[in-house]
Amino acid sequence: MDLTTNALNWFEIPVSDMDRAKKFYEEIFGFKMETQDMMGMKMAYFPADMMGGKVGGGLVESPYHKPSAEGTKVYLNANPDLGEVLNKVEAAGGGLAMPKTKISDEIGYMASFMDTEGNLVSLHSNG
């Protein structure tokens with residue numbers, strides 16, 4: 001790995017109820033997620049142009065994926081203003097864990113929420 005490559009190339013958010021989790025993420029971000037069964041796992045994908053070098057990831061339901069508020073932290077892109085996404089979390093069945101917080105003028109803002117599956121997920125935006 002060097003400065004020209006992404007440090008992250010794929011992420012998976014574990015879920016215990018794919019339909020509920022997919023609905024939650026589609027509702028708060030306002031996009032549709034494509035689904036697929038692969039190798040005994042149910043998967044729903046976040047939009048990404050992986051062939052164009054963009055990082056991709058998805059929701060995954062399998063015996064090997066256990067939702068948790070502990071462990072690796074994922075920051076999802078909520079540009080231009082994460083407040084728009086965060087304001088939809090509770091109505092979609094999630095909970096607020098950390099309000100919109102300024103990191104710095106150069107870096108932007110962060111916030112965290114609990115999704116419907118019990119995962120602690122964070123957001124980042126420039127504004």
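In this predicted model, the largest nonpolar core comprises 25 residues, of which Y25, I28, L59, L76, F113 and L123 touch the most other members. Strand β1 (10–14), helix α1, helix α2 (82–86), strand β7 and strand β8 (120–125) each supply at least two residues of this core, and α1 gives the most to it, with 6 residues. The surroundings of L76 illustrate how one of these core members is placed: when residues up to four places away in sequence are not counted, L76 touches F11, I13, Y25, F29 and F46, and also V121, S122, L123 and H124.

Aromatic side chains were examined next. A search of the whole structure finds 8 aromatic pairs. The rings of F24 and F113 have their centres 5.8 Å apart and their planes at 55 degrees, and because an angle over 60 degrees would be required for an edge-to-face arrangement and one under 30 degrees for a stacked arrangement, this pair is classed as tilted. The pair links distant parts of the chain, since F24 belongs to helix α1 (residues 18–29) and F113 to strand β7 (residues 108–114), with their positions 89 residues apart in the numbering. Both partners are buried, F24 with a relative accessible area of 1% and F113 with a relative accessible area of 0%.

A further aromatic pair, formed by F31 and F46, is edge-to-face, with 6.0 Å from centre to centre and 80 degrees between the planes. This pair also links distant parts of the chain, as F31 lies in the loop between α1 and β2 (34–38), whereas F46 lies in the loop between β3 (41–45) and β4 (56–61), the two residues being 15 residues apart. F46 counts as buried, at 11% relative accessibility. The residues of both pairs belong to one aromatic cluster, which is formed by F11, F24, Y25, F29, F31, F46 and F113.

Strand β7, which carries F113, is mostly covered, 5 of its 7 residues being buried. On one side of the pairing scheme, 6 bridges join strand β6 (residues 95–104) to β7, and these strands run antiparallel; within this pairing, L96 stands opposite F113 of β7. Strands β6 and β7 form a hairpin with 3 residues between them. Strand β7 is likewise joined to β8 by 6 bridges, again in an antiparallel arrangement, and the bridge partner of Y109 in β8 is S125. The hairpin of β7 and β8 has 5 residues between the strands, and in this hairpin G118 takes a positive phi near 95 degrees. Y109 is also involved in an arrangement with a charged side chain, as K100 lies over the face of the Y109 ring, at 4.5 Å from the ring centre.

Two polar residues with low accessibility were then considered. K22 is located in helix α1 and, at 18% relative accessibility, counts as buried, because the limit for this class is set at under 20% relative accessible area. Residues up to four places away in sequence being left out, K22 touches M33, T35, A44 and L59, of which L59 is also among the core residues that touch the most other members.

S62, placed in the loop between β4 and β5 (75–77), is buried as well, with a relative accessible area of 11%. The side chain of S62 reaches the backbone nitrogen of Y64 at 3.0 Å, and it makes a polar contact with the side chain of H65 at 2.6 Å. Leaving aside its neighbours within four places in sequence, S62 is in contact with G40 and M41.

In contrast to these buried positions, G53, in the loop between β3 and β4, counts as partly exposed, at 44% relative accessibility. The C-alpha atoms of G53 and G71, which are 18 residues apart along the chain, are separated by 26 Å.

How values were computed:
Residues numbered from 1 in each chain as written. Predicted model: local features only at pLDDT ≥ 70, side-chain atom pairs only at ≥ 80, totals over all residues. Heavy atoms only, no water. Phe/Tyr/Trp six-rings, centres within 6.5 Å; stacked < 30°, edge-to-face > 60°. Helix = DSSP H or I, 4+ residues; strand = E, 2+ residues; numbered from the N terminus. Buried < 20%, exposed > 50% of the residue type's maximum accessible area, 1.4 Å probe, protein only. Lys NZ or Arg CZ within 6 Å of the ring centre and 35° of its normal. Contact = heavy atoms within 4.5 Å. Polar contact = N/O pair within 3.5 Å; in protein donor to acceptor, adjacent residues only side chain to side chain. Core = buried A, V, L, I, M, F, W, Y, C linked by side-chain atoms within 4.5 Å. Pairing = 2+ DSSP bridges.
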